[in-house]
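Trainee: Could you take me on a close look at a single part of this model, the sheet, and how its strands sit together? I'd love one connected walk through it.

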Amino acid sequence: MAALMTTPADALDLILGEIIPLPLEYVSLSEASGRALAEDILSQEAVPPFTNSAMDGFAVRHLDIRPRIQLPVVGIVAAGQVPHRGLQAGSAIRIMTGAPLPAGADTVVPLEHTRHGNHWVEFPHPVERGAHIRWAGEDIAPGARVLAAGTQLKPAAIGVLASIGVASIPVTLRPRVVVMSTGNELVDASQCPGPGQIRDSNVPGICSQIAAMGAIPLAMPRIPDTKEQVLTAILEALEISDVLMTTGGVSEGDFDFVKNVLGELGAKQIFWRVAHRPGGPFGFWTLNGKLIFGIPGNPVSAMVMVEEYVRPALRKMMGFRHCFRPQRNAILVENWKKPKADGKTHFLRVVLQEGSQGLKAHLTGSQGSGVLSSMLLADGLAVVEADTLELQIGDSVPVHLTELPEDH
Ligand code: AMP
Ligand code: MG
């Protein structure tokens with residue numbers, strides 16, 4: 001059976017091979033947080049734009065500073081003002097943080113390092129020439145490349161963009177992602193399930209994953225398991241989305257219609273079934289430029305598939321330079337045995353702890369694909385290769401760090 005399945009690495013490559021980054025749009029600074037910059041940003045300006053004082057104090061010529069010599073204070077310049085005259089030799093000008101340095105001054109002495117009256121100042125301590133001055137362009141020179149395309153805009157980037165006057169930011173569009181659940185057994189989270197029913201956890205959980213990766217989730221909950229209703233829902237979803245994600249109904253049960261319906265609609269099947277646990281019955285199709293992920297219904301499988309395949313794909317689509325979570329090796333602190341030799345790569349939910357010997361990984365308890373609470377604790381997915389049948393305490397395993405931002 002495993003022979004018919006696509007390997008996780010091939011599945012990821014096949015998906016990424018179909019992804020074309022979306023076009024760009026311009027957004028305001030207040031809307032740009034977390035988005036992927038679509039173009040390099042070169043500064044047209046110097047930052048700071050003019051040489052200014054880094055402290056409240058006195059602007060002087062360094063040559064004029066001598067022990068026990070008072071200088072007359074001949075003026076004052078505040079932030080936002082322009083000094084109306086230069087500094088004459090043998091005098092000082094009171095200056096505030098951020099105020100332009102008067103011509104002729106080469107040093108600022110902070111208030112607390114002086115003795116001073118209203119009209120005089122004296123310098124009891126040695127002062128370095130050029131101290132406490134912020135030179136024009138010392139932070140950003142005109143023409144410098146400040147941010148590269150593909151960067152995820154974090155608060156510091158928003159501040160830098162504002163400082164150089166880039167108020168309309170080119171960012172890559174975000175895909176609209178319909179998240180659909182299928183299953184006659186499903187009821188809403190607010191409802192009390194009747195006999196044989198369970199609450200739909202996939203739509204809320206996956207919508208949250210989609211939002212967390214920066215895309216736009218559109219919930220389409222609880223499509224009943226009839227061929228007609230699955231068909232109608234898929235057509236409706238494709239009208240309003242760039243990406244469709246179905247959950248459930250994608251294996252070979254008597255009431256699993258997703259795969260057949262997609263086939264009838266003429267969707268191109270890129271693969272179906274991955275040698276991946278949890279989450280084997282996973283498929284990927286394209287139709288008229290839209291991407292369709294058929295995700296298994298088991299809640300843990302669903303979330304793991306979204307994390308491992310959908311997230312990198314949508315990040316590529318959203319123009320991010322980094323699409324993959326950090327990976328580190330961790331030492332397993334308990335034994336693990338594959339339930340059976342299934343030829344699948346297993347993704348174990350683990351809790352990580354930094355120890356003196358490096359990173360340590362504990363399993364989060366039951367690894368059943370229905371045990372959603374195992375995802376609550378996990379901060380990583382340990383990847384156990386298909387031909388590994390067991391792991392022992394002290395073995396090293398590669399772990400995807402699912403709580404940290406992508407780094408490659
Ligand atoms: P399926 O992939 O449709 O065969 O579903 C596999 C298992 O996942 C079944 O136990 C379903 O009841 C469960 N399941 C399917 N969809 C959901 C959902 N949206 N929320 C919670 N459990 C689900
Ligand atoms: Mg089902």
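Mentor: Happy to! The part to look at is an open sheet of 6 strands with mixed pairing, in the order S16-S13-S17-S21-S20-S18. Its edge strands are S16 (216-223) and S18, each of which pairs on one side only. Ignoring direction, neighbouring strands of this sheet are turned by 15° against each other on average; axes here are lines fitted to C-alpha atoms, for helices over the stretch in contact, and angles run from 0 to 180 degrees between N-to-C directions.

Some ground rules: this is a predicted model, in which local features need pLDDT of at least 70 and side-chain atom pairs count only at pLDDT 80 or more, while totals for chains, interfaces and linings use all residues. Residues are numbered from 1 along each chain as its sequence is written, chains are lettered from A and ligands numbered from 1 in the order in which they are written, and side-chain values use heavy atoms, with hydrogens and water left out.

Strands are DSSP runs of E with at least two residues, and helices are runs of H or I with at least four, numbered from the N terminus. Two strands pair if DSSP finds at least two bridges between them. In general, strands of a sheet pair through backbone hydrogen bonds, either parallel or antiparallel.

Let's start at the S16 edge. Strand S13 (residues 176-182) runs parallel to S16, and 6 bridges join them. One bridge puts Val178 opposite its partner Leu218 in S16.

Now move across to S20 (residues 283-287), where 5 of its 5 residues are buried, meaning under 20% relative accessible area (exposed is over 50%, partly exposed in between; 1.4 Å probe, protein chains only). Follow the side chains along the strand: Gly283, Trp285 and Leu287 point one way, Phe284 and Thr286 the other way, and all are buried.

S20 has a partner on each side in the strand order. With S18 (residues 268-272), S20 pairs in the antiparallel sense over 4 bridges, and Phe284 of S20 is the bridge partner of Phe271. With S21 (residues 290-295), S20 also runs antiparallel, this time joined by 5 bridges. Here Leu287 has Lys290 of S21 as its bridge partner.

Finally, look at the turn. The hairpin of S20 and S21 has 2 residues between the strands, and Asn288 takes a positive phi near 50° there.
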